[in-house]
Amino acid sequence: MHSNAAWENLHELNQSTTEEFILLGVSDQPQLELLLFVLILISYVMTLLGNVTIIVVSRLDPRLHTPMYFFLSNLSFLDICYTTSLGPPMLLNFLSTRKAISWGGCVAQLYISLGLGSTECLLLAVMALDRYAAICQPLRYMTIMSHRLCLLMAAGSWLSGHSTSLAQTVLTMQLPRCGQNHIDHIFCEVPVLLKLACTDTSFNEAELFSVSVMFLVVPVSLILISYSYIGAAVMRIRSSEGRRKAFNTCTSHLAVVSLFYGPAIYMYLKPPPKGQGKIASLFYTMVTPMLNPLIYTLRNKEVHGALRRLLRKKPGLTGWS
């Protein structure tokens, strides 16, 4: 009831001044717009195919019923939802001559994309902790990363991400814009929407900075600390095969971390020059979700083996506990 009332009050505050927004994107550069359309379309299709494959393989092969693949399946599902909330609207906007998005559409896009992006920030940190337990505490790994704990950490990531997104969306969309509705971006995002406000946004900017530190800097710090311990543990592994396997897994995760957090920190903690924010945002919204399946499976023998077994029609459906 309170949530519905908040949305209704939010809409009433802005309905008289802004019924829709105009997403300028790169409409002043038709050739770049066409190039981005093709690239985003390819990226979206590859994201769907790659992430659906990971979910299906992780579910059907009993050897992949482990905490690592449980979190990886969560990440894949999240990335499918994340790119779907932004990719198709971007493609339609590039094809449209009017470039308009309704007030409600902008609110939905902001809430969903920000919620999923915030969840990914936390989920990547959780995955780093999982790798730390697997490599630094191998004998106690399955005891530490119990099924119940994995469910709690995954649920906590989703709940925290969407709760924060709800607060951010309400705070951002209730600001008066005095009729300004031209967004110099390719989708509705907090930093660019704050620029439309015709009032002092110091509180909003300070609050956004604090939240960005919590969801970007803190997880990155935890990831780096985890991997410093992991790196030391890997160097102590006597088996060259074991050392190589651990190294491949960890470098894959760090590649994802760099591609996702780097542009996000650039966008939210250090406002980029005009135009550069559009490209930076594509990295954490479209490029990283497309590369995640490739990065995690390209050198992963477990996934390769699972794919071969499924292609030979030898499925198994035993559960992980």
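**View 1. Helix 2 and the nonpolar patch on the surface.** In this predicted model, helix 2 (residues 30–60) is the top contributor to the nonpolar patch, giving four residues. The full patch is made by L34, V38, I42, M46 and L294, and its area is about 430 Å². Pick out V38 if you want a way in: V38 sits in helix 2 and is also one of the patch residues. Its relative accessible area is 40%, so V38 falls between the 20% limit for buried and the 50% limit for exposed, and is called partly exposed.

**View 2. S281, tucked away in helix 10.** Zoom in on helix 10 (residues 276–297) and you'll find S281 there. Is S281 buried or exposed? With a relative accessible area of 0%, S281 is under the 20% limit and therefore counts as buried. Its side chain reaches the backbone oxygen of K278, at a distance of 2.8 Å. Leaving out residues up to four places away in sequence, S281 touches H185, I186, F187 and E189.

**View 3. Two aromatic rings, F260 and Y261.** How are these two rings arranged, stacked or edge-to-face? There are four aromatic pairs in the count for this model. One of them joins F260 and Y261, with ring centres 5.4 Å apart and 85° between the planes. That angle is over 60 degrees, so the pair goes down as edge-to-face. Both partners, F260 and Y261, are buried.

**View 4. Stepping back to the whole chain.** For orientation, here is the setting of the close-ups. The protein chain has eleven helices and three strands. Followed along the sequence, those elements come in the order α-β-α-α-β-α-α-α-β-α-α-α-α-α. What share of the 321 residues counts as buried? The figure is 50%, and S281, F260 and Y261 are among the buried residues. As for the outside, the accessible surface of the chain comes to about 15800 Å², and carbon and sulfur atoms hold 67% of that. Contacts reach well along the sequence too: take those with a separation of 6 or more, and 81% are between residues 24 or more positions apart.

Note on methods: Residues numbered from 1 in each chain as written. Predicted model: local features only at pLDDT ≥ 70, side-chain atom pairs only at ≥ 80, totals over all residues. Heavy atoms only, no water. Phe/Tyr/Trp six-rings, centres within 6.5 Å; stacked < 30°, edge-to-face > 60°. Buried < 20%, exposed > 50% of the residue type's maximum accessible area, 1.4 Å probe, protein only. Helix = DSSP H or I, 4+ residues; strand = E, 2+ residues; numbered from the N terminus. Contact = heavy atoms within 4.5 Å. Areas by Shrake-Rupley, 256 points an atom, 1.4 Å probe, with all protein chains shown as cover. Patch = residues over 30% accessible without salt bridge, like charges linked within 9 Å, V, L, I, M, F, W, Y side chains within 5 Å. Salt bridge = Lys/Arg side-chain N within 4 Å of Asp/Glu carboxyl O. Polar contact = N/O pair within 3.5 Å; in protein donor to acceptor, adjacent residues only side chain to side chain.
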